[in-house]
Amino acid sequence: MNKWIRGLTPETFKNRILMAFLLLVLAPFVLLVIYNFSETERVLQEEASAKNEDQLLDIEKSFLDVLGLVMKTGLLLEQDDTIRSVMKNPELKDPLTRKELVENKFASIENSFFLTGATVYYTLVDKQGYAYTSFAPREPLNYSSITNEAWVKMLSSNEGESSIWNASDTNYVSPVIKPNQNMLSLYQMLRDENLKEYAYARISIDYEQWFNKVMRDRQREGIYYLLDHTGKSMVQSDADEAIDPAILSAMLEVKEPSASASIVSQDEKVLYTFSRIAQLNGFIVKKVPLSLLFEEVETLKKRFFAIFGLITLVFVMMTYFISSTITVPLKTLQRKMEISVKTNLKVKLPEQGRGEILALTRSFNTMIDDINGLMERLQLEERQRQIVRFQVLLSQMNPHFLLNTLNVIKSIALEKDEDDIYEICVSLGKILETTLNVEVDLILLKDEIALIDSYMRIQSARFGGHITVSYELSDELNFALVPKFCLQPLVENAIIHGFGGRRSDGRIEIKAEARHDLLYLEVADNGVGVERAKEKKVFRKRKSIGIQNIRESLELLFKNQSTGLSLASSEEGTKVMMHLPLLLSKPYLKEADSDVDRIDR
């Protein structure tokens with residue numbers, strides 16, 4: 001019996017746990033989830049649809065109340081004796097009095113909109129050449145211009161109807177008061193008791209303000225949209241959300257004046273509920289993710305967690321029983337590992353057992369070998385670091401000794417009026433000082449040129465003044481930062497290789513140019529060229545700094561930035577070109593220069 005059970009169970013502990021999980025937890029869990037969620041979706045779609053439709057009806061009623069107030073406002077303006085008198089007989093009042101009377105009437109009527117949360121804007125245009133507004137207009141108020149606007153022409157040419165609704169009227173209010181947004185407007189023709197037209201009224205609502213107030217306490221319920229007849233969003237509670245195009249198409253196909261329905265988007269896992277507003281010829285839509293509706297099925301959740309808890313308890317018990325078959329070998333392996341640690345990892349474990357126990361023993365023995373090898377490498381590296389540290393100290397002593405010796409020679413030459421020796425010592429001292437300053441990688445371009453001048457003084461003393469160096473750069477580029485010794489080695493290579501076979505008419509031209517955010521440097525000579533220099537095989541005791549070394553220095557100093565170095569050679573000479581990021585160091589003025597500058601100003 002034990003042999004039969006051993007053959008059915010997996011060999012490794014991991015596979016045993018996996019088999020138990022699949023048979024005792026996962027399969028029942030999947031079946032239970034399928035059942036519960038199918039029931040959840042059915043209940044949620046029925047309850048949420050009915051609830052959302054009631055909420056949309058409430059919002060629609062609030063919107064219709066606002067529209068009713070707008071229409072009532074139009075009637076009040078038409079029936080008001082003061083407005084009628086001012087519109088029909090403006091000559092009876094002076095302009096300020098007329099303006100005050102109309103604005104007071106606007107203010108008294110606007111109080112009726114206080115509870116709706118919507119701001120209302122009024123425009124009145126009579127037939128006597130005057131126009132009145134309750135707001136600061138976007139454009140200066142001009143009677144000729146306003147009578148040529150579309151809404152006035154619509155009213156004047158409209159036969160039979162005295163009012164027109166426009167759900168997407170262009171904003172005409174000053175942007176300081178109201179940003180660029182469309183408004184819902186009622187165009188009303190004002191008539192007297194004889195049905196004679198005497199003025200035109202435009203009453204506009206900031207429906208977004210009303211919408212935001214209505215949605216203030218509904219943020220957690222879902223996302224609301226107010227759409228026009230084309231499906232375009234007039235305003236919505238979340239600017240980053242959009243309606244599924246397939247749902248929008250299905251919604252626009254509904255032609256009933258006051259239809260409402262709910263649709264589930266399988267792609268988005270979202271429940272859409274919409275209601276058509278006949279007066280607006282548009283829709284009000286509510287979008288609710290199905291995940292938000294799971295809170296309403298607490299009964300199904302309790303049933304689910306009860307069954308899941310029972311299955312989990314069985315799984316824990318089975319796991320404990322299965323794990324007991326491996327804990328004893330693990331404890332034995334643990335004791336052997338402790339013995340190996342106490343012997344400074346010099347003793348390996350016997351490779352016995354099967355499955356994970358055997359694999360763990362082999363991994364532990366491999367780890368011991370790796371640790372011992374790593375310790376030996378660390379000891380070797382430590383010895384090498386000591387040697388390098390000693391060599392660095394020696395390399396720092398010798399240049400400093402040489403620099404001090406040069407200073408002594410310079411002092412002696414100065415005392416004995418040996419100007420040539422003094423100049424050579426000064427030039428060599430500058431080069432040595434720059435070499436010893438290991439803390440600085442970038443120097444000013446003018447300092448690099450000074451190093452070249454110092455180097456050329458020494459070369460002139462050796463070979464005579466037959467090689468000339470010329471510079472072509474703007475004053476601003478003198479303060480550009482370049483890598484230390486990026487040009488001097490190229491000049492040295494030109495002298496050694498390019499002019500190695502001749503001593504007259506040698507010219508070296510150094511150019512610097514800024515292009516956008518890059519600095520381009522060029523060193524050109526009229527030497528023999530690279531190919532002929534290779535044929536002559538100029539012998540040097542010290543290996544020169546090559547093009548590749550300078551290129552690698554550029555890459556190290558300007559990582560992930562545009563750099564490059566190229567060489568072009570012919571029988572007429574050699575040209576080396578490089579480019580690097582343009583970095584300008586702001587020059588400073590000495591105190592005396594600053595004083596002169598202040599005086600000039």
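Q: What are helices and strands here, and which helix holds Ile-34?
A: Helices are DSSP runs of H or I with at least four residues, strands are E runs of at least two, and both are numbered from the N terminus. The model is a predicted one. With that naming in place, the run covering residues 13-79 takes in Ile-34, and its label is helix α2.

Q: Is Ile-34 buried or exposed?
A: The cut-off for exposed is over 50% relative accessible area. Ile-34 comes in at 54%, so it counts as exposed.

Q: What is the area of the nonpolar surface patch that Ile-34 helps make?
A: Ile-34 has plenty of company there: Met-19, Phe-21, Leu-22, Leu-23, Leu-26 and Val-30 belong to the patch too. Put together, these residues make a nonpolar surface patch of about 580 Å².

Q: How many cavities of 30 Å³ or more turn up, and what volume does the largest have?
A: Searching the whole structure at that size gives two cavities. The largest of them has a volume of about 50 Å³.

Q: Which element gives the most to the lining of the largest cavity?
A: Three elements each supply at least two lining residues: α12 (445-463), β12 (467-472) and β14 (506-515). Among the lining residues are Ile-510, Lys-511 and Ala-512. The top contributor, with three residues, is β14.

Q: How many residues of the largest cavity's lining are charged?
A: The lining includes Leu-445, Ile-449, Tyr-471 and Leu-487, along with Glu-472 and Lys-511. Glu and Lys count as charged, while Leu, Ile and Tyr count as nonpolar. The split is eight nonpolar, no polar and, for charged, two.

Q: What separates the C-alpha atoms of Ile-424 and Arg-457?
A: Ile-424 sits in helix α11 (residues 419-436), and it is partly exposed at 30% relative accessible area. Arg-457 is 33 residues apart from Ile-424 along the chain. Between their C-alpha atoms, the separation is 6.7 Å.

Q: Which residue forms a salt bridge with Glu-193?
A: Side chains of opposite charge can pair when their charged atoms come close. Here the closest N and O atoms are 2.6 Å apart, and the pair links parts of the chain 109 residues apart, from the loop between β4 and β5 to helix α3. Glu-193 is exposed at 57%, whereas its partner is buried at 18%. That partner is Arg-84.

Q: How many residues apart in sequence are the parts that Glu-149 and Arg-202 tie together?
A: The two side chains meet in a salt bridge at 3.4 Å, N to O. Glu-149 is in the loop between α5 (143-147) and α6 (150-157), while Arg-202 belongs to strand β5, so the pair ties together separate parts of the chain. Glu-149 is partly exposed at 30%, and Arg-202 is buried at 5%. The gap in sequence is 53 residues.

Q: Is Lys-287 buried or exposed?
A: Lys-287 lies in strand β10 (residues 282-289) and pairs with Glu-241 from the loop between β7 and α8, 46 residues apart. Their salt bridge spans 3.0 Å, N to O. Glu-241 is partly exposed at 30%. At 5% relative accessible area, Lys-287 is buried.

Q: How many salt bridges does a search of the whole structure find?
A: The pairs include Glu-193 with Arg-84, and Lys-287 with Glu-241. Over the whole structure, the count is ten.

Terms used
Residues numbered from 1 in each chain as written. Predicted model: local features only at pLDDT ≥ 70, side-chain atom pairs only at ≥ 80, totals over all residues. Heavy atoms only, no water. Patch = residues over 30% accessible without salt bridge, like charges linked within 9 Å, V, L, I, M, F, W, Y side chains within 5 Å. Areas by Shrake-Rupley, 256 points an atom, 1.4 Å probe, with all protein chains shown as cover. Salt bridge = Lys/Arg side-chain N within 4 Å of Asp/Glu carboxyl O. Buried < 20%, exposed > 50% of the residue type's maximum accessible area, 1.4 Å probe, protein only. 1 Å grid on protein atoms, 1.4 Å probe; cavity = no way out; pocket = protein on both sides within 12 Å on 5 of 7 lines; lining within 4 Å. Points joined across faces, edges and corners; volume = space filled by probe spheres on them.
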